There are 4 protein chains.
Amino acid sequence: MAAQDTKVQTRAKGQATADRVRAAAMKRFAQAGYAAVSMREIASDVGVRPGALYNHFQTKQDILNDLMLGHMAQLLDAWETADFPDHMDALERFVRFHVRYHLERADEVFISYMELRNLEPDNFETIETERRKYEAILTEILEKGAQDGRYTPEHPKVTTRAIIAMLTGIPAWFRESGPLSKSDIEDHYVNLVQNAVLRAPGQSPRETG
Amino acid sequence: MAAQDTKVQTRAKGQATADRVRAAAMKRFAQAGYAAVSMREIASDVGVRPGALYNHFQTKQDILNDLMLGHMAQLLDAWETADFPDHMDALERFVRFHVRYHLERADEVFISYMELRNLEPDNFETIETERRKYEAILTEILEKGAQDGRYTPEHPKVTTRAIIAMLTGIPAWFRESGPLSKSDIEDHYVNLVQNAVLRAPGQSPRETG
Amino acid sequence: MAAQDTKVQTRAKGQATADRVRAAAMKRFAQAGYAAVSMREIASDVGVRPGALYNHFQTKQDILNDLMLGHMAQLLDAWETADFPDHMDALERFVRFHVRYHLERADEVFISYMELRNLEPDNFETIETERRKYEAILTEILEKGAQDGRYTPEHPKVTTRAIIAMLTGIPAWFRESGPLSKSDIEDHYVNLVQNAVLRAPGQSPRETG
Amino acid sequence: MAAQDTKVQTRAKGQATADRVRAAAMKRFAQAGYAAVSMREIASDVGVRPGALYNHFQTKQDILNDLMLGHMAQLLDAWETADFPDHMDALERFVRFHVRYHLERADEVFISYMELRNLEPDNFETIETERRKYEAILTEILEKGAQDGRYTPEHPKVTTRAIIAMLTGIPAWFRESGPLSKSDIEDHYVNLVQNAVLRAPGQSPRETG
DNA sequence: GATGAATGAGTATTCATTCAT
DNA sequence: GATGAATGAATACTCATTCAT
């Protein structure tokens, strides 16, 4: 039993260290960029010698990959389980979700967009697949809206990218101490996005066609 | 006169090398990121030994700074001298200019947004000042439009950033070989942006106030 | 216990390497001068790759500083614990001690005098303090002798430097294979120094004053 | 005549540059040591590009060699032409000459002692020959004095080195602003040296033999 | 005599990683 | 799981020197 306990304890300790490695790497990668961060710095943040990192991650690349995989999984999961008032339409839901999530996880998001090029090809492919899944959510919303005649029908994939780029740029300049609250930001972006894609009245295909 | 010629020739050769350094660094920085590019690689691209780079730039940082300063100066200058049909309104001009310029200079633009954090504080300040000048152009357009009642009046600075983020993201995914031409892209983004900020008819302050 | 042994062994190995670094650096610095010795050379002498040196010393400067601090500490300690016949007077003790010590540790001594200018300011200050302690020993001997009327009373600090310069120059030319033994040298310098500072008979303050 | 004038002027200009190179190198070598001084630094002091130095000296080593050869030649020449009161004995002359010369040319002297090891073998040999000539002057004085019974007869060559080391160490600590003037220093060292080698009365070979 | 560009070798130091313990 | 020592390759940058002009 003592041995069992020890094992459990050890595993728990290892888990805790791995998590601290992730946290330290996340902060450092977000601030300085993957290439500019050394394993020594991460180890020092964690309070451990560099060699010890290799008990938890096989390479530096694996840390990055782990962070990005985790981020995409959590992002998609968070969307699945997000809760909104019934009356809210899908586009508004998506915008509010995205802004909120990205403002709360600025580091993850930043890395996720900046460090794509530092992923080795295999890892990149996997992440890209996940990213496309996420983008597909918005594209689908836009396409459905176009079919309904509510949204303009042109190039929904391009519009997806335009909207996501617009939203994703927020954490780069947003400061809690600024004049606008997170909720102000959400509202403003909902307006911008809705206006951008809404079909103007009198232009509905039914009427013009 | 012969001596004069010699000097001119020598200096011209140096100028040419410096330009090739700029070009090589631009490509490499855009592809791999500043931190991941070595002076050796740049030198090798240029066809020169690493030490020779230091005849033209004092440090690697200076190369980055030179590229970013040059980009901002050219961007602002290009805006000043851009030529558009008289009937085109300012917002459309800006969007078309930005999309066009950024699609033609994808590398410069990419570096300009990605490598800001790798600028040393002094250099960063200078670049930021230039960037704010550029953003101010769009903010002013939005503010004037709001005064005229054509554009929604809320948070023109935030809207500026939203629009610029949206436009600047284009080169990240655009491919010549894709289904849309550069001109298609321009048209689509003009629509998105105009819709995003246009005040809906029947909502004009004159009529409602 | 096995783990304990391992740690002790590992640490002992590191200690041994550090000592070999010190020994190699000492020889090289003494022969070629600090600035002319490369970390590569030291590493090669030690039988290790250059990077491994940095497990033991943070910088090249730290190696120099370590050597000089060690030398001064050992010098002062050796004086404290030196053993001489009871009848021998303090000046003779000092001269014999200094000559002997410096002939046995020619490299340390040489570095200690030659490389002062290569110490960074903070390190220099610390070493200078130690050096002044050592000089103070001789100055005090001269001052006491002057009070007793045995030694000439003029400028004991200058005389200190004169004597130490004279003695310290020995290793620069002394060769074991030369006509004089170390002990001959000692005797000769004791004579020179004693004569230099002895008050001539008939000049004693008692008699003349 | 114009061409002639030009040549003369050019040669004079070159001579002047060479002299400024010597002066700059002297200061730098004295302060930082030969190995730690770069041709770039010297060139910058002179106000010229590094390549230009090679119009005046074939290598960095040649500058050092030139300085040391010049120093030894001037030292020996200065001794030949030095002027002293008739009544002054040879030993006092030598001490006063040496102290004076070394206090006035601290940089030359310092380099001359510190940078011997940085001379390539051939250059070293030449300089050593000159140095031995200079030391021979003092040795001869001591030997003559020993024959006369005025000086102790032991090991005049060792005594030579002791005295020269003692005297040569002065510029290392002497400061104009200190409590002693150059002339005080001279007097004090004359005393020390004379006492060191004077045969005590009642010990003269005539009387004891 | 001087320049600006270039070389080729070298500098101290840092890197991700390995591994015996 | 963690350590301390080590590796082998890389880093930005500097060096003395050359040379066409």
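Reader: How do you know that chain C and chain D are related as by a two-fold rotation axis?

Author: In this predicted model, a rotation of 180° superposes chain C on chain D with an RMSD of 0.1 Å, and the shift along the axis is 0.0 Å. The two copies are therefore related as by a two-fold rotation axis.

Reader: What makes you say that the same surface serves both copies?

Author: Of the contact residues of chain C, 100% recur in chain D. Contact here means heavy atoms within 4.5 Å.

Reader: Thanks! Now to the charged pairs. Why is the pair A:Arg117 and B:Glu115 called a salt bridge?

Author: The rule asks for a side-chain nitrogen of Lys or Arg within 4 Å of a carboxyl oxygen of Asp or Glu. For A:Arg117 and B:Glu115 the N to O distance is 3.2 Å, so the pair meets the rule. This pair crosses between chains: A:Arg117 lies in the loop between α6 (106-114) and α7 (121-148) of chain A, and B:Glu115 in the loop between α6 (106-114) and α7 (121-148) of chain B.

Reader: Why is B:Glu115 called buried, and why is A:Arg117 called partly exposed?

Author: Buried means under 20% relative accessible area, and exposed means over 50%. B:Glu115 has 2%, so B:Glu115 is buried. A:Arg117 has 25%, which falls in between, so A:Arg117 is partly exposed.

Reader: What makes B:Glu108 and B:Arg105 a salt bridge?

Author: Their closest N and O atoms are 3.7 Å apart, and the cut-off is 4 Å, so the pair counts. As for accessibility, B:Glu108 is at 17% and therefore counts as buried, while B:Arg105, at 28%, is partly exposed.

Reader: And how do you know that D:Glu130 and D:Lys133 form a salt bridge?

Author: The closest N and O atoms of D:Glu130 and D:Lys133 are 2.9 Å apart, which is within 4 Å, so the rule is met. Because they sit three residues apart in helix α7 (residues 121-148) of chain D, about one helical turn separates them. D:Glu130 is buried at 17%, whereas D:Lys133 is partly exposed at 45%.

Reader: Which residues does one network of salt bridges join in chain A?

Author: A:Glu92, A:Arg96, A:Arg100, A:Glu186 and A:Asp187 are joined into one network by salt bridges that share partners.

Reader: How many salt bridges are there over all chains?

Author: By this rule, the count over all chains is 64 salt bridges.

Notes:
Residues numbered from 1 in each chain as written. Chains lettered and ligands numbered in written order. Predicted model: local features only at pLDDT ≥ 70, side-chain atom pairs only at ≥ 80, totals over all residues. Heavy atoms only, no water. Helix = DSSP H or I, 4+ residues; strand = E, 2+ residues; numbered from the N terminus. Buried < 20%, exposed > 50% of the residue type's maximum accessible area, 1.4 Å probe, protein only. Least-squares fit on C-alpha atoms with pLDDT ≥ 70 in both.
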